[in-house]
Structures are given as C-alpha cells and as structure tokens.
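Thanks for sharing this one. Here are a few notes to read alongside the coordinates.

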Amino acid sequence: AGVLALLASVIPEERRWDLFNPASAKQVLVETAKRGGEKSMFEQGAGGIASTIEPAAQLFSKYQRRATFQPSTLHLAEKPCKYHWPYCAQSLYAGAIPTIVNVTILNAVGAHCYVARPPRWIGATNGDKVTVQFEVSETLWPWSGWLAVSLQVVPAAATFDGVVEGTIEMSVGSEGGQRSELSLPVTVRVMPTPPRNRRVLWDIGHSMMYPRGGYVPKDSFEQKEDFLDLNGDHPHTNYRDAFTAVLGFGYSIEILSKPFTSFDASNYGALLLIDPEEEVCSLS
C-alpha cells in the first residue's frame with residue numbers, strides 16, 4: 001500500500017487518475033519486480049518489490065494504458081527448470097494428456113472490456129508440431145480477465161525431438177473504442193513419445209464428483225473444521241518429492257483429472273491411485 005501511494009504521488013495530478021488504476025498499478029509492480037532464486041512462479045508470483053521504487057516510477061512516467069499477460073512469457077523449455085516449474089519439469093510428447101496453463105490478463109484499458117480479436121497461435125520454429133487451443137473470459141471485468149492455453153503434440157510428431165517456439169496473439173477493446181494488442185511468447189520442448197513401460201498415469205480425482213473446485217478431504221475425517229485439503233494428492237504439491245523422484249528415474253508422468261473411463265489404459269505401464277478416499281475403497 002505504501003509503495004502504491006508513493007507511485008501515485010509521482011504522476012502529475014492532472015494525469016494521475018487517467019493512468020492510475022488497479023491494473024496499471026499491478027502492471028508496473030509486476031514488470032519492475034525482482035525474481036528470487038529457486039522459487040517457481042507459483043511460489044513467488046512475479047517476484048518481490050525492488051529495493052527502490054525508482055524503476056516503477058520511471059515506468060509510470062512514460063506509461064500508456066494497455067492490456068498485458070501475466071506471466072509475460074511461457075518458457076516451458078526452461079533449463080534448468082526453476083521459474084516455470086512444474087511445466088518445464090518434463091518435455092511434451094504426442095499422445096499425452098494436454099498440458100494446460102492459465103494466464104492472467106491485466107487490463108488497464110478500462111474497468112470493463114471485451115475480447116476484440118480472439119487468441120490465435122502463430123508458430124515460428126516447428127510451430128506445426130503442436131496444437132494450441134484456448135478458452136478466454138468473454139469480458140474483462142473488473143480490470144482483468146483470464147486465458148487458458150491447452151498444448152498438445154500432434155500425432156505426426158511422435159518421433160520429433162526439439163524445441164517449438166511461437167506466439168499467442170489477441171486484442172482487447174473497450175466500449176470507448178480503445179484497443180490494446182497482446183502478445184505471449186511460448187517455448188516448449190518436445191520429445192519422442194516414450195514406450196508404454198515408461199509412461200505413468202497419476203490419478204488425482206478418483207472419479208469423485210465431490211468436493212468441487214479441486215478440494216479433497218484430508219486424511220483424518222476426525223478433523224471437523226477445515227477438513228478439505230487445498231493441495232490434495234497432487235504430484236506438484238503434497239507429492240512433489242515423489243513426482244521429482246519418478247521423473248529422475250526416467251519415467252514420464254501424466255495427470256488424470258477426469259473419470260477413469262476417459263483414458264486408454266494401453267498407453268500406460270502404471271496407474272497411480274494415490275491415497276484413495278473412502279468412496280473409491282468401497283467400490284473395490
């Protein structure tokens with residue numbers, strides 16, 4: 001709050017409330033943040049506020065209202081894999097369950113905007129090796145929206161080994177006629193499809209319809225308060241060490257979040273049903 005107050009004070013009063021809004025303030029803080037060490041984007045966000053607000057103040061001095069993506073890039077081929085973990089932890093390959101990445105749209109153009117041009121994939125290097133699909137919020141309100149990106153290697157690239165680069169582009173428009181163009185660079189590493197005995201399917205849903213929203217009960221049903229586990233039995237959270245160890249042994253892990261009837265078991269050497277809850281055990 002103190003940093004935002006200082007930033008607002010450096011903008012000339014006659015322009016202050018034309019430039020300063022929740023999205024522009026976040027954009028400036030995000031774009032001048034300092035990343036820290038080994039932490040992933042889910043652990044540190046864009047990073048921490050710099051030791052001085054001078055870079056943020058300078059950015060505001062020449063700022064034009066616009067829409068941007070956060071994170072500003074998807075570097076899924078990052079080596080060593082740090083900031084973009086877990087997406088960069090293993091390569092993509094044909095036949096795998098799609099990799100889905102959610103991106104925030106920070107929109108300083110106006111409190112209420114719309115998608116003027118839908119997102120599209122523009123492949124640069126080996127761009128035809130992947131299929132990129134999108135879901136995007138119909139309206140951006142208030143001051144923000146979201147973009148879900150689905151990445152899947154095409155069947156014809158089952159033996160391909162290399163890097164795919166491209167850009168996701170879209171535009172945002174306001175009711176006042178202002179438009180902003182957005183661009184999201186994407187880099188992914190693709191490897192040949194592993195043999196069946198090297199593919200592991202990790203179940204996190206147990207075909208359970210309840211609870212919704214990604215929560216599962218904690219192991220102790222005696223706990224009457226706050227009995228849902230946000231992290232759950234997910235290989236990127238409670239089972240992170242196991243996930244890293246299995247990858248280290250040369251296996252590839254795919255995450256099943258749909259019912260058991262929605263996958264082809266002949267593709268996998270093992271199905272890991274981790275810590276099944278009472279509803280699953282009663283069916284066995």
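How many bridges join strand β3 to strand β7, and do they run parallel or antiparallel?

1. Please keep in mind that this is a predicted model. To take the question at once: β3 (residues 99–107) and β7 (residues 144–153) are joined by eight bridges, and the two strands run antiparallel. If you would like one pair to look up in the viewer, try I100, whose bridge partner in β7 is S150.

2. That pair of strands belongs to an open sheet of four strands, with the order β1-β3-β7-β5 and antiparallel pairing. At the edges sit β1 and β5 (130–136), each of which pairs on one side only. On average, neighbouring strands of the sheet are turned by 25° against each other, direction ignored. As a general reminder, strands of a sheet pair through backbone hydrogen bonds, either parallel or antiparallel.

3. Now to the second largest pocket, which holds about 270 Å³ of space. Its lining has 18 residues, and the closest to the pocket centre are E31, F69, Q70, P71 and S72. Three elements give two or more residues to this lining: α3 (22–31), β1 (67–70) and β9 (179–190).

4. Which element gives the largest share of that lining? The answer is β1, with four residues. This strand thus ties the two topics together: β1 is also an edge strand of the sheet, pairing on one side only.

5. For anyone thinking about chemistry, the residues lining the second largest pocket divide into nine nonpolar, six polar and three charged.

Conventions. Residues numbered from 1 in each chain as written. Predicted model: local features only at pLDDT ≥ 70, side-chain atom pairs only at ≥ 80, totals over all residues. Heavy atoms only, no water. 1 Å grid on protein atoms, 1.4 Å probe; cavity = no way out; pocket = protein on both sides within 12 Å on 5 of 7 lines; lining within 4 Å. Points joined across faces, edges and corners; volume = space filled by probe spheres on them. Nonpolar A, V, L, I, M, F, W, Y, C, P; charged D, E, K, R; others polar. Pairing = 2+ DSSP bridges. Axes fitted to C-alpha atoms, helices over the stretch in contact; angles between N-to-C directions.
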